[in-house]
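Please look over the sequence and the structure below before reading on.

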Amino acid sequence: MTKAWTRWQDWTEVAIGVLVLLSPLVVDTSNAAMWTMIVLGALIAIDGLVDLAMPAMIYGEYVQMVLGALLFISPWVMSYSDLMAASWVSWVGGVLTVAAGALAMPSANAAHSAAAQPH
C-alpha cells in the first residue's frame, strides 16, 4: 500500500498548484485571469495535499483532473486568452495537472484496494 506523503504525482500536483497560484506575480493578468489562477491554483495545491495525506482516496484524483481541465479552458471561459503569458500558464498547468492526476490513478486504486482488504 502507498504510504501517505510519498506519491510523487501528488507532490507534482501541489507544485503545479503553487506555481499557478503565484504566477500572477510575474505575468500580466486581468482581474479575471488573476483570480481564476489564484483560486484554481490554490484548489489544485489543496487537493494535492489531501491526496498526499490520504493516498487511498480515489476520487481526489478525479477532482484533480477536473480542476486541471477547468484551468486549461479558463483562458477562453474567463476571456483572458489575449494575455498570452497567463494563457500559457493556464494551458500548460492544466495539461500537467490532468496528466499528474491520471498517472496517480493506478497508485490510488492499489492503495484503495489494499485498504479495503481485511487485515
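The questions and answers that follow deal with one helix and with one serine.

Student: What should I know about the model before I start?

Tutor: This is a predicted model, in which local features need pLDDT of at least 70 and side-chain atom pairs count only at pLDDT 80 or more, while totals for chains, interfaces and linings use all residues. Residues are numbered from 1 along each chain as its sequence is written, and side-chain values use heavy atoms, with hydrogens and water left out.

Student: Where is the kink in α3?

Tutor: Helix α3, a DSSP run (H or I, at least four residues) numbered from the N terminus, spans residues 59-77. Its bend, the angle between axes fitted to the seven residues ending at a residue and the seven starting there, is about 30° at a site shortly before the proline P75, and that site is L71.

Student: Which helices are included in what covers the buried residues of α3?

Tutor: Buried means under 20% relative accessible area with a 1.4 Å probe, protein chains only, and the buried residues of α3 include G60, L71 and P75. The cover over the buried residues of α3 includes α1 (8-22), α2 (31-53) and α4 (84-116).

Student: Which backbone oxygen lies 3.0 Å from a polar atom of the side chain of S87?

Tutor: S87 belongs to helix α4 and is buried, with a relative accessible area of 0%. Among residues more than four places away in sequence, S87 touches P75, Y80 and S81, where contact means heavy atoms within 4.5 Å. The oxygen at 3.0 Å from the side chain's polar atom is that of Y80.

Definitions and conventions:
Helices (H or I, at least four residues) and strands (E, at least two) are DSSP runs, numbered from the N terminus. The expected span of a helix is 1.5 Å times one less than its number of residues. Buried means under 20% relative accessible area, exposed over 50%, partly exposed in between (1.4 Å probe, protein chains only). A polar contact is a pair of N or O atoms within 3.5 Å; within protein, one must be able to donate a hydrogen and the other to accept it, and residues adjacent in sequence count only if both atoms are side-chain atoms.
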